[in-house]
Amino acid sequence: MAEEIKVDEVVDARGMYCPGPLMELIKIIQLKPVGTVLSVLSTDEGSVKDIPAWLKKVGQEHVQTEKKDGFWDVTVRKVK
Amino acid sequence: MEKLSLVLASDEFEKLQAAAMMASVAAVSGMAVNVFVTMSAMTCFIKERVDRKDFLKVGEVGKAILRKKAPLYADLLAQGREMGDLKVYACSLALDLLEKPLEEMVPIFEDVVGVATFLGIAEGGQVLFI
């Protein structure tokens, strides 16, 4: 099993439409120190694909995406 | 820095929504984004109309956007401006023809410019015409 990931903060963007969850993540990640792990909760499937695309573009880390009950949990690490 | 410029000429609600999403997401992804609002699109930036949600051309998807209270184009552009390098320019001709000063528009504009100025700003980058 993969080691347990310690999440520093949850960004609950459930119910928001695209690009809401991505924008919420960006607002918060800007304020956090390097090393912070954020978990973005989204009911919007487009954002679940969009967030990793954005992370790749700006050079931040996509840790994992988990399907939960009726929403997704996208885990992100600020690496720079 | 990658550069993206968008020309908004249409007053169709969904086109404005799509363009504003494109622009704001590009801006928060580290691109320099310039938006030029001209022709009929200018009418959709009159503050009083935006406040009243008085949109002239709204299709099926647009109605759903309004019903579900998804963020509107003016808010998306404002957000892109706050969070990234996004600049919105108003076309001087469109304002002249509408006989409206920039003060009557939603407060997201950097400046009033003409086509030649915008072409200079957009030079060397991709341009989307919507």
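1. A good place to start is the packing around helix α1 of chain B: its buried residues are covered by elements that include α1 (20-29) of chain A, along with β1 (3-8), β2 (32-37), α3 (60-67), α4 (73-83) and β3 (86-91) of chain B. Please keep in mind that this is a predicted model.

2. The helix itself, residues 13-28 of chain B, is 16 residues long. From first C-alpha to last, α1(B) reaches 23 Å, close to the 22 Å expected at 1.5 Å a residue. Just after α1(B) comes B:Gly30, with a positive phi near 90°.

3. Which residues of α1(B) are buried? They are B:Phe13, B:Leu16, B:Gln17, B:Ala19, B:Ala20, B:Ala23, B:Ser24, B:Val25, B:Ala26, B:Ala27 and B:Val28.

4. On to the meeting of the two chains, where 10 residues of chain A are in contact with 11 residues of chain B. On the chain A side, α1 and α2 (45-58) each supply at least two of the touching residues. The largest share, five residues, comes from α1(A). By type, this side of chain A divides into seven nonpolar residues, one polar and two charged.

5. You may also like to look at B:Val35, in strand β2 of chain B. B:Val35 counts as buried because 30 other C-beta atoms lie within 10 Å, against a cut-off of 20 or more.

6. Beyond its neighbours within four places in sequence, B:Val35 is in contact with B:Leu6, B:Leu8, B:Ala23, B:Leu77, B:Val88 and B:Tyr89. One of these, B:Ala23, is among the buried residues of α1(B). As for B:Leu76, 41 residues from B:Val35 along the chain, the two C-alpha atoms are separated by 12 Å.

How values were computed. Residues are numbered from 1 along each chain as its sequence is written. Chains are lettered from A and ligands numbered from 1 in the order in which they are written. This is a predicted model: local features need pLDDT of at least 70, side-chain atom pairs count only at pLDDT 80 or more; totals for chains, interfaces and linings use all residues. Helices (H or I, at least four residues) and strands (E, at least two) are DSSP runs, numbered from the N terminus. The expected span of a helix is 1.5 Å times one less than its number of residues. A residue is buried if 20 or more other C-beta atoms lie within 10 Å of its own, exposed if 12 or fewer, and partly exposed in between; C-beta atoms are placed from the backbone. Two residues are in contact if their C-beta atoms, placed from the backbone, lie within 7 Å. Ala, Val, Leu, Ile, Met, Phe, Trp, Tyr, Cys and Pro count as nonpolar, Asp, Glu, Lys and Arg as charged, and the others, Gly among them, as polar.
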